[in-house]
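Visitor: I'm new to protein structures and would love a short tour. Could you walk me through this one?

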Amino acid sequence: MATSNTDRGTTSRVFLWSGSVYEPMKSINLLKPDAENLWDKLDRYYCIVKATVLVFQSPTTGLFPTKTCNENPRAKIHDSLYCAACVWALALAYRRIDDDKGRTHELEHSAIKCMRGILFCYMRQADKVQQYKQDPKPSKCLHSVFNVHTGDEVFSHEEYGHLQINAVSLFLLYLVEMISSGLQIIYNTDEVSFIQNLVFCVERAYRVPDFGMWERGSKYNNGSTELHSSIDFLLRPQGCSWSVIFVDLDAHNRNRQTLCSLLPRESRSHNTDAALLPCISYPAFAVDDEALYSQTIDKIVRKLKGKYGFKRFLRDGYRTALEDKNRQYYKPAEIKLFDGIECEFPLFFIFMMIDGLFRGLPEQVKEYQDLLDPILQQSAEGYPVVPKYYHVPADFVELEKKNPGSQKRFPSNHGRDGKYFLLGQSLYIIAKLLVDGLVSIKDIDPVKRFIPPQDQRNISMRFSNQGPLENDLVVHVALLAESQRLQVFLNTYGIQTQTPQQVEPIQIWPQQELVKAYFHLGINGKLGLSGRPDRPIGCLGTSKIYRILGKTVVCYPIIFDLSDFYMSQDVMMLIDDIKTLISGAVVEQLDFLRIGDAEEPPEFKSFEELELPKHSKVKRQTSTPNATELEQQPDINHNDWKNKPVHEILQKLNDCSCVATQIILLSILLKREGPNFITKEGTVSDHIERIYRKAGSKKFWSVVRFAASLLCKVVDSLAPSITNVLVQGKQVTLGAFGQEEEIISNPLSPGAIKDIIYNKCNLQDEREAVLQQELVIHIGWIISNSPELFNGMLKIRVGWIVHAMKYELKIRAGEMPPVDLYQLSPSEVKQLLLDILHPQQQGRCWLNRRQIDGSLNRTPSGFYDRVWQILERTPNGLIVAGNFLPQQPTLSDMTMYEMNFSLLVEDMLRSIDQPEFRQMIVELLMVVSVILERNPELEFQDKVDLDKLVKESFNQFQKDQNQFKGTEKQDDMTSFYNTPPLGKRGTCSYLTKAVMNLLLEGEVKPTAEDPCSIS
């Protein structure tokens, strides 16, 4: 809201009541006395807040404008929240004195008005919340910019990147903090329902790419979104009785794990970013790991700190002299223009001051206060004003680029003509209130987010905070037998169990029944909001005791649910999953299930004791087949039968009893006649389903996989497992080895993943479509628990991993026929995957090592940084397997350490169709890097063909083999691949010779210390 000096003067004359909260700001021009009492100190800050923040608050919505001049009607949620926090902090300070002249009430309700104004804007978009819950897309999210006076939408989704999860998270965070301090912001159950639905949206933050804090998405400002570390403002459950807000503990944990895996990086294109400061420090304090916090903040300071503030990120063009203000997006390679002249923001000095105050680091507070004070501006009334940024003027850009830090920067036009940067102004006031001791860190953080979780206590047993009461972990495991007969059987092995009848009146529910109960959470017909989305309850959620409609309920984990996918039939897989479970004893009251007299209570199915026939026996379950290997082999070949008449196929189907033969015949009928074609056993699809279950009971895993693929079955938790990989900074590709692959770089829905699997993965073998699903589940589990096994693997190519596993089985078999990968049980497949992921150097020839490492796409430490350094000395770029990596615009668009460059290198290598050749290319690039590092005067003159260099190395290897061993020249490179890299006549020596020959074909650049130069 624009306010001129004249308008402000007119407004002040209306407030004539002396001693009231509206008294004139008579102390405007007074100097700060040497010994101020508490009232004088507070009065000084009250005047500053009134003159530089509250004067701009909209009287209708309570929001604050982004720009405080020129009648700008826009209000950003992010900025308004920090303004509200500033006013709230001063209100907390006024609570310390008895006679506050009504100022506490005024300030508190100004903050409440802003928070309720944001809530009002959000609730008008309840339809978007409902849509976003089901399908989180940028076109279906809440807006982040509104009209400051009316709360109306300002920009469409095409005009502005509204998808900013950090703004919604920050709103929920400050809402919890302010309510905990005693403010009443939420008035009725409609608002409670809406807030609960906002939590549902934020719970999936870990998997939703957005535009981030700077509203530009990727660093390239081209309209693309990314997963950002800085969106992860973690929430904890708060409330009481009907107003309680429930937070999914498993979602909370996933968000925390995702943040820790992304840090210290901000996103794929942002190697680091000042936006991480409010995430890892005040106000979110989202990182508990002190080592990770230190690593992240050290990187921010090292890369972004300047004389006048912090850069937002490297090559940030915002408000620089070279940025074209008339274009929304940048052109390719344009960000290179901004290298070294990025604006510096004093705002982040303030964040570092507050961080030092919370962490008890007075030296840090003093350091950044000393840096901040000289760069503050003054308003016309003499109040300190925080400039938004300091920039390099156009006339000084070239000089600054030649000598970074040499030129004076000039402040943005804040502090004059009524212009204020309200976000920076608000944070400055919060910091000064803390420095002067007028508020404490406990005051502005009443929910104690700064305290690490291990130090928290479970204050309320009624509404669980999931905080351990002791530092020592206590694991409670309760075993239930589904029948008395099984209970007796287990007892013979010393395993004590109970049956469902013995634990009454406690009810045992599957987790799906708990999902049904949670569906009633947040429902509001007036707002058009459904309840909790149909998402599984994770192991943390099922590890609690529930009180539901007067009943005490415990739930067994999702791994015990009967699944339609065959992996649940592998007992060893189940045992592995059980080992990962941790149960506690926390009681959760589901009070949102309120049933009136006229309402029918929802029906829930509890786990009941199984009644077995008297003479039945308990069978031991195994993962190995219940028949010989011969019985699992078909007696026909698919190619011999695929063109035979239908009647012959039906006759053979009726005559044979081997399920392996039957499934081949049924697959031919399915492809030729369709799923509804009638056989003696019913439709083709029904017949396949019966064979699927029969083979599953006998553990015929090859037949089970074949049938599952024909039925297009999809394993549970496929999408979350892929997301687990993506948030570790990896990409996933699905597709058969040697065929076109689908790259997954952002989370996808289960339906989209299913389409990829059944279009890309079964081109060579029908069974691979489900085997790749198994591997995705295993990889997701392994990367969450042992991420170090994937070091050096940026792109997880599942089809290539299948190839590596087959090759491993071939190595183990020696001269014997290898075991069929598809006949292994799911648990054996998982163990084989773990075996190939562990680097195995002992007892392996170099051919085998290169085969496995190449199939896994494993690279040495620092590999991508070295490729960058090579590209700097290769003006015409690199080429391999027909893929070209140009020097420009690559070096202009990207920086050495950003993940997008590493992914670009992987894209260059992906067309190599032989794993061992790929690994040789990786070794070649490492050799090139070392040569260029040791010979700074050399650079490549022409395009570098990496394939050609390897072939030349192999040709020289062949000549030497012929000379020393008398072997004939041949095209097979196996002997070359099987040669150690180091040592006399190792592969590195041949690669080095080929590289040096190419380098010496060009010109040698003279250097200042050239010993061959005479003058």
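Guide: Gladly! One idea to start with: accessible areas here come from the Shrake-Rupley method with a 1.4 Å probe. Please keep in mind that this is a predicted model.

Visitor: What share of the accessible surface of the chain belongs to carbon and sulfur atoms?
Guide: Start with the whole accessible surface, which comes to about 45,600 Å². The part of that surface belonging to carbon and sulfur atoms is 51%.

Visitor: How many helices and strands are in the chain?
Guide: The chain has 1015 residues, and 54% of them count as buried. As for its helices and strands, the chain holds 36 helices and 20 strands.

Visitor: Which stretches have a pLDDT below 50?
Guide: The chain averages a pLDDT of 83, and 84% of the residues score at least 70. Where pLDDT is low, the predicted coordinates should not be read in detail. Two stretches with a pLDDT below 50 are residues 233-241 and residues 456-471.

Visitor: How many disulfides does a search of the whole structure find?
Guide: A disulfide needs two cysteine sulfur atoms within 2.5 Å. Take Cys260: the closest cysteine sulfur to its own is in Cys279, 9.6 Å away, which is too far for a bond. Over the whole structure, the number of disulfides found is zero.

Visitor: Is Cys988 buried or exposed?
Guide: Buried means under 20% relative accessible area. For comparison, Cys260 has 27% and is partly exposed. Cys988 has 18% relative accessibility, so it falls under the cut-off and counts as buried.

Visitor: Which residues form a nonpolar patch on the surface?
Guide: One member, Tyr493, lies in the loop between helix H16 (484-491) and strand E9 (507-510). Tyr493 is partly exposed, with a relative accessible area of 48%. Together the patch residues have about 270 Å² of accessible area, and they are Leu479, Tyr493 and Ile495.

Visitor: Which residues is His778 in contact with, leaving aside its neighbours within four places in sequence?
Guide: His778 is found in helix H26, residues 768-785. His778 is buried, with a relative accessible area of 1%. Contact means heavy atoms within 4.5 Å. Beyond those sequence neighbours, the contacts of His778 are Met567, Met573, Pro826, Val829, Lys830 and Leu833.

Visitor: Among contacts between residues at least 6 apart in sequence, what share join residues at least 24 apart?
Guide: This time we consider the chain as a whole. Setting the starting point at contacts between residues at least 6 apart, the share that join residues at least 24 apart is 72%.

Methods:
Residues are numbered from 1 along each chain as its sequence is written. This is a predicted model: local features need pLDDT of at least 70, side-chain atom pairs count only at pLDDT 80 or more; totals for chains, interfaces and linings use all residues. Side-chain values use heavy atoms; hydrogens and water are left out. Buried means under 20% relative accessible area, exposed over 50%, partly exposed in between (1.4 Å probe, protein chains only). pLDDT is the predictor's confidence in each residue, from 0 to 100. Patches are made of residues with over 30% relative accessible area and no salt bridge: like charges are joined within 9 Å, nonpolar side chains (Val, Leu, Ile, Met, Phe, Trp, Tyr) within 5 Å. A salt bridge is a side-chain nitrogen of Lys or Arg within 4 Å of a carboxyl oxygen of Asp or Glu. Helices (H or I, at least four residues) and strands (E, at least two) are DSSP runs, numbered from the N terminus.
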